[in-house]
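Trainee: I have the model open and some time to spare. Could we go through it piece by piece?

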Amino acid sequence: MTRIARTTSTGASFLRRLPPLSTAIAVAMLLSVPSAVGAAEEQANFSELIDKLPAKSAGQAEVVYRAVLAGKGEAVARLADMICEPDKGNDAKARYALHGLVTYVCRPGAEAERKLVAAALAGMLDSDRPALVKVFWIRQLQLCGRAEAVGPLAAALRDEALCEPAAQALLAIGADAEVFREALTETPASRRATIVQALGLKRDTKVVPALLKLAADSDGPVRTAAIEALGNIGDARAKETLLQAAGAEGYNRHVASDACLKLARRLAEADKPKDAESIFRSLLKTHTKPQDAQVRCAAVRGLVETLGDNAIDDLLAAMKETDPQVRLTAIAAGADIPGKEATRKWIA
């Protein structure tokens, strides 16, 4: 023990004298063997290791990352704990090192190391560190986290300051929609829009009934998020709700119109051309103002993509409109319809 204590007490100068590979071994010893030195000196040795970054080469950077990994989850947690709030200290080296470590363990063939780092970071989310520090950790989990990070990130959805970055991380790592459905039932309005957006991106059909109610919510961001989500999910049950919202005045008219177009495309992809056709025709009927030209253009194009040569009469009708954008769209779309009958009608 006396010899180990003497070695660790001079760890900083000891490391400087070793070649890179020996440095990695020595640091592993310093991190994993009980030391007789105080925590402050041990942290100083660790900080000196991190100060070696940015390295002059990938090989030199790898020496540092290997040394941290040799200390297992405790060393990863120590590195993560060096992150501080903005303007509350100089943690540039620590941020660089942690992000570099996360990138390093995401390489092919490093699953055990990736899991070690992700588990260590996920386990720190329930600490009392400031929210902005946790946000940085979550951003790293977004890169390296998998199943081991889902539970801690799902818990972070209930935190006002962490909800949005946690939702983004969960989406990036492919968490099940059930995680967001459960959060929706206990999330206040201030965070509900984030959860709704995530459910829309997951295209979760099980949440459609709840979203239909939220599409008329008194909270503007929640209402907008629900309308957008319903359009992206592509469930025919949303058709009437979205068309009604698209027919109203105000900001949500534009949001709902776009959602209707997206819903129609989703339904066409799902081999439901009748539902898609009815949405496109409803939009052509209700969106007749000059500022609605883009919606009409999209509806005309959608009819061609859905009906093929059966949309030729719709194109001919669009050619008679006063808006040049609509006429140009009809001309461009007409090139996609082959056949003698379509050609005859175009010539006429």
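**Around Ala-268**

Mentor: Ala-268 counts as partly exposed, at 29% relative accessibility. This is a predicted model.

Trainee: In which helix does Ala-268 lie?

Mentor: Take its accessibility to begin with. Partly exposed runs between the buried limit of 20% and the exposed limit of 50%, and Ala-268 has 29%. Its helix is α17.

Trainee: Which residues is Ala-268 in contact with, leaving aside its neighbours within four places in sequence?

Mentor: Contact here means heavy atoms within 4.5 Å. With the neighbours within four places set aside, the partners of Ala-268 are Ala-276 and Thr-306.

Trainee: What separates the C-alpha atoms of Ala-268 and Gly-302?

Mentor: Along the chain, Ala-268 and Gly-302 are 34 residues apart. In space, their C-alpha atoms are separated by 9.1 Å.

**Arg-253**

Trainee: Is Arg-253 buried or exposed?

Mentor: Arg-253 has its place in helix α17. Its relative accessible area is 7%. Buried means under 20%, so Arg-253 is buried.

Trainee: With which side chain does the side chain of Arg-253 make a polar contact?

Mentor: Look at what Arg-253 touches beyond four places in sequence. The list includes Ala-245, Ala-246, Gly-247 and Ala-248. Thr-286, His-287 and Asp-292 are also on it. The polar contact, at 2.9 Å, is with the side chain of Asp-292.

**The largest pocket**

Trainee: Which elements give two or more residues to the lining of the largest pocket?

Mentor: The pocket holds about 270 Å³ of space. Its lining has 17 residues, and Gln-197, Ala-198, Gly-200, Leu-201 and Glu-228 lie nearest its centre. The elements giving two or more residues to that lining are α11, α13, α15 and α17.

Trainee: How many residues of each class are in the lining of the largest pocket?

Mentor: Gly is classed with the polar residues. On that scheme, the lining has seven nonpolar, six polar and four charged residues.

**Helix α15**

Trainee: Why is α15 called largely enclosed by the rest of the structure?

Mentor: Count the buried residues. Val-222, Thr-224, Ala-225, Ala-226 and Ile-227 are among them. Ala-229, Leu-230, Gly-231, Asn-232 and Ile-233 are buried too. α15 is largely enclosed because its buried residues number ten of the 14.

Trainee: Which helices do the buried residues of α15 pack against?

Mentor: First check the length of α15. Its 14 residues should span 20 Å, and its end C-alpha atoms are 20 Å apart, which agrees. Its buried residues pack against α13, α14, α16 and α17.

Trainee: At the start of α15, which backbone nitrogen does a side-chain oxygen of Asp-219 reach?

Mentor: Asp-219 brings a side-chain oxygen to within 3.0 Å of a backbone nitrogen at the start of α15. That nitrogen belongs to Val-222.

Trainee: Which residue just after α15 takes a positive phi?

Mentor: Here phi is about 85°. The residue just after α15 is Gly-234.

**Backbone exceptions**

Trainee: Where is the peptide bond that is cis?

Mentor: Most peptide bonds are trans. Here omega is near -5°. Pro-54, in the loop between α4 and α5, is one partner. The bond runs from Leu-53 to Pro-54.

Trainee: What is the phi of Lys-72?

Mentor: Most residues other than glycine have a negative phi. Lys-72 comes just after α5, with its place in helix α6. Lys-72 is exposed, with a relative accessible area of 54%. Its phi is positive, about 60°.

Trainee: Is Asp-271 buried or exposed?

Mentor: Asp-271 lies in the loop between α17 and α18. Its phi is near 65°, a positive value in a residue other than glycine. Exposed means over 50%. At 66% relative accessibility, Asp-271 counts as exposed.

**The whole chain**

Trainee: What share of the residues of the protein chain count as buried?

Mentor: The chain has 22 helices and zero strands. Among contacts with a separation of 6 or more, residues 24 or more positions apart account for 59%. Of the 348 residues, the share that count as buried is 46%.

Key: Residues numbered from 1 in each chain as written. Predicted model: local features only at pLDDT ≥ 70, side-chain atom pairs only at ≥ 80, totals over all residues. Heavy atoms only, no water. Helix = DSSP H or I, 4+ residues; strand = E, 2+ residues; numbered from the N terminus. 1 Å grid on protein atoms, 1.4 Å probe; cavity = no way out; pocket = protein on both sides within 12 Å on 5 of 7 lines; lining within 4 Å. Points joined across faces, edges and corners; volume = space filled by probe spheres on them. Buried < 20%, exposed > 50% of the residue type's maximum accessible area, 1.4 Å probe, protein only. Polar contact = N/O pair within 3.5 Å; in protein donor to acceptor, adjacent residues only side chain to side chain. Expected span 1.5 Å × (residues − 1).
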